[in-house]
Amino acid sequence: MLRSLKILLLFLSLVPFAATASAQQAPPAPSPQTQTGSAPAYSLSGDKLQKAIEVSRIREIVHFVQAGWDITAILVLLWLGVFSRVRNIAENISSNVWIQCVIYMPLFLVLLTLIDLPLDLYMHTVSLKYGLSVQTWRGWIWDQTKGLLIGVALSYLPAMLLKLIFRKAPQKWWLIFWGASVPTIIVLVFIAPVVLEPLMNKYESLQPKSPALVDRLEQIVSRGGLVIPPARMFWMDASSKTTEMNAYVTGIGASKRVVVWDTTIAKLNLDETSVVFGHEMGHYVLNHIWRGIAFTIAVLFVTLFLAKLFIAWAIARYGGSWQVRGLSDWASLAVLMLALSIFGFLLEPVTNGFSRSMEHQADVYGMEAVHGIVPNPQESARSAFQKLGEASLVDPNPNAFVEFWTGSHPSIASRAAFAASYDPWQPGKQPEFFKK
Ligand SMILES: [Zn+2]
């Protein structure tokens, strides 16, 4: 989905967060080499290494450039009076705010999409060039369009709510909006795998696609002492779009499920897939989705409070030159977007740090969960990380600052090194989750 829409619908930010990839786009970090003297657990050489370094640099630069670009572009459009003109169009068509919202929000979101378009186009070009994506331009444009339409549909009620509380409670709007967002986030996480995700990708039951895998997964599930019925295990058609691999847990309550991409099934053997699945089961068992929801709600509280202070200051100081008449003006949503872009970027190290700690915990759980089922979990995990890293062209020697700021997962290199040496069943050691 389009990034700017994700920021606007902070609610939705949790959906991809909760559904964190097991290894995809695992970001850079110093690679602790536990086995001094021997080969690193994850390595690339020759042409692959060269490509991985190039792609990693591009990803890193684009990530930071995009943050600055969004902020600058919104400021320029504010100064040019573009948002106030869109507001005028809406107000000239109707004096009814509910109808104004129908006109303003699609135009507003199209503008935000256009801001992101140059870098989005560039990144798809890069993905095609390096063979990470196999999606046609036609398919890509259709995905972007669907993302925009979903954003328009989902943003209507939050935008109306903001419009009303901006007018009625100019001091407390952020608190009311935050309060309303709590049930909204929970509902969106619940419906995402059932309603939203099928609009973007094709999901089918995993059982008929790979019965041997389901048998194996059930062994791991029962060792974990839980019940994930095969009906909660899904296969996703990723190979029509990407060469990368992924598996994740998504949804809550009755919609909670495990999703394995077809690329993962095709490229990893049963033991390697088992380790990846063990990691995902860790997210499932350790209630990472609920913890992610709670964390997102807490971060949203801080973000909205900062946004409230920022918007009051910005409109008082620049409202005249931006032609933003006040908080209850439709154009103030652009100032809110500006605030969310700034504070969202500044809070990235906090949200990613939280995510990395959960990912590491899931790695530990996964290694322990497959003990006794996979003959050599250390080697299977290492080779799984090797294949995941190769498929996504992950740099084996990444930059520590970039990981700190942008890494939702520990680096592939550090995860592979950890997995290759993690054996809590040795004398004198104790497993964390599966007691002897
Ligand atoms: Zn994970």
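Student: What makes His279, His283 and Glu359 the donors of the zinc ion?

Tutor: The zinc ion is coordinated by His279 (NE2), His283 (NE2) and Glu359 (OE) at 1.9 to 2.1 Å. Donors are N, O and S atoms within 2.8 Å of the metal (3.2 Å for Na, K and Ca), so these atoms qualify; water is not among the atoms, so the site may look incomplete. Bear in mind that this is a predicted model, where local features need pLDDT of at least 70 and side-chain atom pairs pLDDT 80 or more, while totals for chains, interfaces and linings use all residues. Residues are numbered from 1 along each chain as its sequence is written, and side-chain values use heavy atoms, without hydrogens and water.

Student: Why are His279 and His283 separated by about one helical turn?

Tutor: Because they are 4 residues apart in helix H11 (residues 270-285). A helix here is a DSSP run of H or I with at least four residues, and a strand a run of E with at least two, numbered from the N terminus. Both histidines are also buried, meaning under 20% relative accessible area (exposed is over 50%, partly exposed in between; 1.4 Å probe, protein chains only).

Student: How do you know that S2 pairs with S1 and with S4?

Tutor: Two strands pair if DSSP finds at least two bridges between them. Strand S1 (residues 203-205) and S2 are joined by 3 bridges and run antiparallel, so they pair. S2 and strand S4 (residues 257-261) have 4 bridges and run parallel, so they pair too. Tyr203 has Met236 as its bridge partner in S2, and Phe234 stands opposite Val259 in S4.
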